[in-house]
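Visitor: I would like a close look at a single part of this protein, with its surroundings explained along the way. Could you walk me through it?

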Amino acid sequence: MKTALVCGAGGFIAGHLVKKLKREGFWVRGVDIKQHEYAETAADDFQLLDLRNEGDCRAALTLDGGSFDELYQLAADMGGMGFISTAECEIMHNNALINVNMTHSAAAMGVPRYFFSSSVCIYRDMQVGEPELTEAQAIPANPDNEYGWEKLYAERIAQAYERNRGMIVRIARFQNCYGPEGTWTGGREKAPAAICRKVAEAEDGGTVKVWGDGTAVRSYTYVDDMVDGIYTLMHSSLEGPANIGSPQYVTVDELVETVIAESGKDIKIQHVAGPVGVQSRNFSNERICTTGWRSRYSLEDGIGKTYPWIEEQVKIQQALAAA
């Protein structure tokens, strides 16, 4: 049986990735600094470790005197724009330590295949309607935030170890991922989860507050599409970074309107000042599509699965507060 180590398995995407690897027949160890907040882990073994420490990276990698067939590095200190815009030092410090130590330890312990989760935050700000950027057009670099700069540096680390230590590396640049079992409250939630929460909490006929003027453009990737893309890329011959995302571009207001439609409520939008990030993100998925992968979920399909889960979490929280 093949073995896989999933770093960040107490988080949203990696938690779903563990389930995917189990369905594919792997023996899986998950590691994270915390347990998963919203689901029991599907991993065969789960260890609480701090991957900022090289010793903990080596402990995570040690398996019956050897190491793993595959390593998926998704551990990161991250969140939505509210967190990214205010926790620059924590992001740069914690994520650089995790990626330096894990990449070095994996190569030193002979892991043959290494997956690194990067982000489209490595790209510059774009204008609405601008032609899609390819992966190569990330350089010359000018990311909009420190999270993107650290991801770009970590990509370079992984590629240096591939060239010099013989470890096969696959790199995915994630476009905004959402779905059930992700962070939906507390300040680290991303836009789709935050909007679902606000709409679920609002009274029918009420109003939700949305940061910015609602015109910023994004594509949102449903989590099942994302983990399928990760697995496909890892087992492909595609060298170099590859964007993984939905080809469906929408404004923030269109995202909110999709959530409102799913809720069945009559809700108005109020735009307020807040961190928005770049004006637009338009990226080519042509490289990942050469592997045969395609996005299967429209925004409407994905919100149709995500909103009911977050609405249920809101009701549970409200019931606990009222008890």
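Visitor: In which strand does Thr3 lie?

Guide: Happy to take you there. Please keep in mind that this is a predicted model. Thr3 lies in strand β1, which covers residues 3-7. Is it buried or exposed? Thr3 has a relative accessibility of 13%, and because residues under 20% are classed as buried, Thr3 counts as buried. Setting aside residues up to four places away in sequence, Thr3 touches Phe26, Trp27, Leu63, Ser67, Phe68, Asp69 and Glu70.

Now follow strand β1, residues 3-7, along the chain. Val6 belongs to the largest nonpolar core, a set of 58 residues, and is among the members that touch the most others. Ile13, Leu21, Tyr72, Leu74, Phe115 and Ile230 are also in that group. Helix α7, residues 223-234, gives this core its largest share, with seven residues. Ile13 shows how such contacts look in detail: beyond residues up to four places away in sequence, Ile13 touches Leu74, Phe174, Cys177, Val223, Met226, Val227 and Ile230. There is also a second, separate core of 26 residues, including Met102, Phe116, Ala158 and Tyr161. As background, nonpolar side chains tend to be buried together in soluble globular proteins.

For a companion to Thr3, try Tyr307, which is found in helix α10, residues 299-322. Tyr307 has a relative accessibility of 2% and counts as buried. Apart from neighbours within four places in sequence, Tyr307 is in contact with Cys196, Val199, Ala200, Val259, Glu262, Ser263 and Lys265. Take Ser263 from that list: Tyr307 and Ser263 are 44 residues apart in sequence, yet their C-alpha atoms are 7.4 Å apart in space.

Stepping back, the protein has ten helices and 13 strands. Of the contacts with a separation of 6 or more, 80% join residues 24 or more positions apart. Buried residues make up 53% of the 323 residues. The radius of gyration is 19 Å, which agrees with the value near 20 Å for a compact globule with 323 residues. The C-alpha atoms fill a box of roughly 60 × 50 × 40 Å along the principal axes.

To finish on the outside, the protein exposes about 13700 Å², and carbon and sulfur atoms supply 49% of that area. As for charge, there are 31 positive and 44 negative side chains, with the centres of the two sets 4 Å apart.

How values were computed:
Residues are numbered from 1 along each chain as its sequence is written. This is a predicted model: local features need pLDDT of at least 70, side-chain atom pairs count only at pLDDT 80 or more; totals for chains, interfaces and linings use all residues. Side-chain values use heavy atoms; hydrogens and water are left out. Helices (H or I, at least four residues) and strands (E, at least two) are DSSP runs, numbered from the N terminus. The radius of gyration is taken over C-alpha atoms; the globule rule is 2.2 Å times the number of residues to the power 0.38. Buried means under 20% relative accessible area, exposed over 50%, partly exposed in between (1.4 Å probe, protein chains only). Contact means heavy atoms within 4.5 Å. Accessible areas come from the Shrake-Rupley method with a 1.4 Å probe; for residues, only the protein chains shown count as cover. Lys and Arg count as positive and Asp and Glu as negative; His and the chain ends are not counted. The place of a charge is taken as NZ of Lys, CZ of Arg, CG of Asp or CD of Glu. A nonpolar core is a set of buried Ala, Val, Leu, Ile, Met, Phe, Trp, Tyr and Cys residues joined through side-chain atoms within 4.5 Å.
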